Amino acid sequence: MDEIRDVFLSMRLGLARAVSRIVPPHEVEDIVQETYVRLCKVGKAEHIEHPKSYLFKTARNLALDSVKRAEN
């Protein structure tokens, strides 16, 4: 888990940049933090073969969900 946490910390700015293209600026940090929460909830995080892809995909999906909620 420590290795994946380190990957998250090293990617934090990149995740924020990617999410900022989808959601308003005031929501970016919330999405990035929720991405980390989701990572922590994974039962066996060491089984994630591609942590960077996992984090970007999770952040993107959370951002898209946020946009959908805002539209409704």
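This is a short tour of the chain, stop by stop, for you to follow in your viewer. Keep in mind that the model is predicted.

**Stop 1: the whole chain**

Start with everything shown as cartoon. You should count three helices and zero strands, and walking along the sequence gives the pattern α-α-α. Colour them separately if you like: helix α1 covers residues 2-20 and helix α2 covers residues 25-41, while helix α3 takes in residues 51-71.

Now switch to the C-alpha trace and turn it about. Along its principal axes the trace spans about 35 × 20 × 15 Å. How does the radius of gyration sit with a compact globule of 72 residues? The rule puts such a globule near 11 Å and the chain has 12 Å, so the two agree.

Contacts are worth a look at this scale too. Taking those with a separation of 6 or more, 66% join residues 24 or more positions apart.

**Stop 2: the surface**

Turn on the surface. About 5,000 Å² of the chain is accessible, and carbon and sulfur atoms own 51% of that. Of the 72 residues, 32% count as buried.

Next, select the charged side chains. There are 12 positive and 11 negative ones, and the centres of the two sets lie 4 Å apart.

**Stop 3: the salt bridges**

How many salt bridges does a search of the whole structure find? It finds three, and we'll visit each in turn.

Select R5 and D6 to begin. They form a salt bridge with the closest N and O atoms 3.6 Å apart. R5 is partly exposed because its relative accessibility is 33%, and D6, at 42%, is partly exposed as well.

Then go to R12 and E29, where the closest N and O atoms of the salt bridge are 2.2 Å apart. Which helices does this pair tie together? R12 belongs to helix α1 and E29 to helix α2, so the bridge links parts that are 17 residues apart in sequence. Both ends are partly exposed: R12 has a relative accessible area of 29%, and E29 comes in at 34%.

The last bridge is E34 with R38, with 3.1 Å between the closest N and O atoms. This one stays inside helix α2, as the two residues are four apart, about one turn of the helix. E34 has a relative accessible area of 29%, which makes it partly exposed; R38 is partly exposed too, at 38%.

**Stop 4: T58, across from R38**

Keep R38 on screen and add T58, which sits in helix α3. Is T58 buried or exposed? Its relative accessibility is 13%, so T58 counts as buried, the cut-off being under 20%.

Show what surrounds this threonine. Setting aside neighbours within four places in sequence, T58 is in contact with T35 and R38. R38 therefore turns up twice on this tour: it bridges to E34, and it touches T58 by the definition of contact as heavy atoms within 4.5 Å.

**Stop 5: Q33 and R21**

Finish back on helix α2, where you'll find Q33. With a relative accessible area of 41%, Q33 is partly exposed. Now pick R21 as well and draw a C-alpha to C-alpha distance: Q33 and R21 are twelve residues apart in sequence and 17 Å apart in space.

Note on methods: Residues numbered from 1 in each chain as written. Predicted model: local features only at pLDDT ≥ 70, side-chain atom pairs only at ≥ 80, totals over all residues. Heavy atoms only, no water. Rg over C-alpha atoms; globule rule 2.2 N^0.38 Å. Buried < 20%, exposed > 50% of the residue type's maximum accessible area, 1.4 Å probe, protein only. Areas by Shrake-Rupley, 256 points an atom, 1.4 Å probe, with all protein chains shown as cover. Lys, Arg positive; Asp, Glu negative; His and termini not counted. Charge placed at Lys NZ, Arg CZ, Asp CG, Glu CD. Salt bridge = Lys/Arg side-chain N within 4 Å of Asp/Glu carboxyl O.
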